[in-house]
Amino acid sequence: MELELCEAHPALKAFMCGSLSGTCSTLLFQPLDLVKTRLQTLQNNMKPGYVVELGNSDKNPYRHKLTNVLRFNYDKLLFGEVHSYSPFSFVRCIPGVGIYFSTFYSLKQHYFQEGRAPNAGEAVLLGAGARAVAGVCMLPVTVIKTRFESGRYNYVSVLGALKSVCETEGPRALFSGLTATLLRDAPFSGIYVMFYSQAKRSLPPEVSSSPYAPLGNFGCGVMAGVLASVVTQPADVVKTHIQVSPAHWTTKDAIRYIYTEHGLRGFFRGAVPRSLRRTLMAAMAWTVYEQLMARMGLKS
């Protein structure tokens, strides 16, 4: 029993480090996720948020939508209404990031016991596998968070929302968008880990061993995040539409709806706030995680 606890201890440390890094990144960049969800679920005849007027949008409607959604949501943040959506985000992101990093650490320790660094292909599988585990575990909370941020549902608490969905739509609704979520999250994490690890290896030794190493790692994370975000953006839009729809849409239904309503551009709605958020959150989470693991004497 003691041996099992000793073996599990590093994974628990990885979970704690990941949860702390997730807390930091969520606090800073969560509002961008709310903006992204609102943009993706805007209909052509719909106003963003609850009370925002689009104004004259004849020349560039998308620009006006983005401007008004940003103003609406960041006004909420600045004037004290952030509590209305933060619990859903924290309940999802903090344990989710912890599960991701603990799974990543465990897989890496199991398959690369001699300390060998994974190659590009192995890094993709490692990142995708860890993200798939975290994504499935946190999917019910993700569904609730996405619905709440869309502005179409009046959930008050996480537990209350889970109970409401189970009673009105059945437990199956809590796992809506599973395919699209995995198609978005697993490739994102796999591509991110591959580019991140390769970029870190390319850093000059004097940078990697200097006090500026965290800054260099953060830069590598930003570059990897941009590339991964662009590739997985269409899957994110599909996932959002499936999860906010009460009609149990399939992935094919959501794709058909998005293309019919908005054309190919619809699959890239919310790309700017999502890319900013995912890139900065991932870069910060990895940087903080690696620094915390180093302080605990563990190799991340």
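Begin by selecting Y100, F101, F104, Y192, W286, Y289 and M293, which touch the most other members among the 33 residues of the largest nonpolar core. A nonpolar core here is a set of buried Ala, Val, Leu, Ile, Met, Phe, Trp, Tyr and Cys residues joined through side-chain atoms within 4.5 Å, where buried means under 20% relative accessible area, exposed over 50%, and partly exposed in between, with a 1.4 Å probe and protein chains only. Colour next the elements that give two or more residues to this core, namely α1, α3 (86-111), α4 (120-150), α6 (178-201), α8 (213-244) and α10 (271-295); helices are DSSP runs (H or I, at least four residues), as strands are (E, at least two), numbered from the N terminus. The largest share of the core, 7 residues, comes from α6.

The model is a predicted one, in which local features need pLDDT of at least 70 and side-chain atom pairs count only at pLDDT 80 or more, while totals for chains, interfaces and linings use all residues. Residues are numbered from 1 along each chain as its sequence is written, and side-chain values use heavy atoms, with hydrogens and water left out.

**Around F104 and F101**

Select F104 and show its surroundings: leaving aside residues up to four places away in sequence, F104 touches L126, G127, A130, V193, W286 and S300, contact being heavy atoms within 4.5 Å. A second, separate core of 8 residues can be selected afterwards, including I144, Y153, V165 and L174.

Return to the rings, of which the structure holds 12 aromatic pairs; rings of Phe, Tyr and Trp (its six-membered ring) pair if their centres lie within 6.5 Å, with planes under 30 degrees apart counted as stacked, over 60 as edge-to-face and the rest as tilted. The F101 and W286 rings are edge-to-face, because their centres are 5.0 Å apart and their planes stand at 75 degrees. As F101 lies in helix α3 and W286 in helix α10, this pair ties together parts that are 185 residues apart in sequence. W286 is buried at a relative accessible area of 6%, and F101 is buried at 1%. F101 also forms a stacked pair with Y289, at 4.0 Å centre to centre and 15 degrees between the planes, and this pair again links helix α3 to helix α10, 188 residues apart. To see the wider cluster linked by ring pairs, select Y100, F101, F104, F188, Y192, Y196, W286 and Y289.

**Charged pairs**

Which residues meet R278 and D236 in salt bridges? A salt bridge is a side-chain nitrogen of Lys or Arg within 4 Å of a carboxyl oxygen of Asp or Glu, and the count comes to 6. R278 meets D185 at 3.8 Å, N to O, and both residues are buried. D236 pairs with R274, their closest N and O atoms being 3.5 Å apart; this pair links helix α8 with helix α10, 38 residues apart. D236 is buried at 0% relative accessibility, and R274 is buried at 2%.

Move next to helix α9 (residues 251-262), where R256 and D253 lie 3 residues apart, about one turn of the helix, and their side chains meet in a salt bridge at 3.3 Å, N to O. R256 is partly exposed at 46%, and D253 is partly exposed at 27%. Finally, select R184, D185, D236, R274 and R278, which salt bridges with shared partners join into one network.
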